[in-house]
Amino acid sequence: MKLLLDTQIALWALIGSSRLSEKARELILLPKATVYYSAATVWEIAIKHRLARVDMPVSGKEAAGLFVEAGYEELAVTAAHAAATEDLPLHHSDPFDRLLVAQAHYEPVRLLTHDRQLLAYGGPVEFV
């Protein structure tokens, strides 16, 4: 099973937040799961951390290292992923989330999210 974590889920998993649902924790820890983080997630974390956002306690560099330590696989952003965003309906305006949805559809992988708006994209998007 291939899982792509959205930024919130990835961050909560990294820092051991109680906000990470039991369902998400179980899926991430499944022995048969390959857990991916997107380069877009590291980029989003880096931007928000630099802006001193309270909800971004780690830097992009720290997050990238923690993802590797956790055994997650990096999913690079490709031109095909970026181009796939133009095929998505405008259910969500956040460019990072739209790119994650496009990656999930393109690869395909299951996108684990805590953003109910992303459910409108259907397919591999799963609310946890």
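User: How many positive and negative side chains does the chain have, and how far apart do the centres of the two sets lie?
Analyst: Happy to start there, with a reminder that this is a predicted model. The chain carries 12 positive and 16 negative side chains. Lys and Arg are counted as positive, Asp and Glu as negative, while His is left out, so H81, which we will meet below, does not enter either count. The centres of the two sets lie 3 Å apart.

User: What makes the chain as compact as a globular protein of its length?
Analyst: Two values are set side by side here. The radius of gyration is 14 Å, and the globule rule gives 14 Å for 128 residues; the two are close, so the chain is as compact as a globular protein of that length. Along its principal axes, the C-alpha trace spans about 35 × 35 × 25 Å.

User: Which elements make up the chain, and in what order do they run?
Analyst: You will find six helices and five strands. Starting at the N terminus, the order is β-α-α-β-α-α-β-α-α-β-β.

User: How do you know that β1 pairs with β2?
Analyst: Pairing asks for at least two bridges between two strands. Three bridges join β1 (residues 2–5) to β2 (residues 34–38), so the pair meets that requirement. These two strands run parallel, and L4 stands opposite Y36 in β2.

User: What makes β1 and β4 a pair?
Analyst: The reasoning is similar: β1 and β4 (residues 110–113) share three bridges, and at least two are needed, so they count as paired. Their sense is parallel, with R110 in β4 as the bridge partner of L3.

User: Why is H81 called buried?
Analyst: The cut-off for buried is under 20% relative accessible area. H81, found in helix α5 (residues 79–84), has 1% relative accessibility, so it counts as buried. Across the chain, buried residues make up 46% of the 128 residues.

User: Which residues does H81 touch, leaving out those up to four places away in sequence?
Analyst: A contact needs heavy atoms within 4.5 Å. By that test H81 touches L75, A76, L99, A102, Q103, Y106 and E107. Take Q103: it is 22 residues from H81 along the chain, and their C-alpha atoms are separated by 5.4 Å.

User: What share of the contacts with a separation of 6 or more comes from residues 24 or more positions apart?
Analyst: Such residues account for 61% of those contacts in the chain.

User: And how much of the accessible surface belongs to carbon and sulfur atoms?
Analyst: The accessible surface comes to about 6800 Å², and carbon and sulfur atoms hold 55% of that.

How values were computed
Residues are numbered from 1 along each chain as its sequence is written. This is a predicted model: local features need pLDDT of at least 70, side-chain atom pairs count only at pLDDT 80 or more; totals for chains, interfaces and linings use all residues. Side-chain values use heavy atoms; hydrogens and water are left out. Helices (H or I, at least four residues) and strands (E, at least two) are DSSP runs, numbered from the N terminus. The radius of gyration is taken over C-alpha atoms; the globule rule is 2.2 Å times the number of residues to the power 0.38. Buried means under 20% relative accessible area, exposed over 50%, partly exposed in between (1.4 Å probe, protein chains only). Accessible areas come from the Shrake-Rupley method with a 1.4 Å probe; for residues, only the protein chains shown count as cover. The place of a charge is taken as NZ of Lys, CZ of Arg, CG of Asp or CD of Glu.
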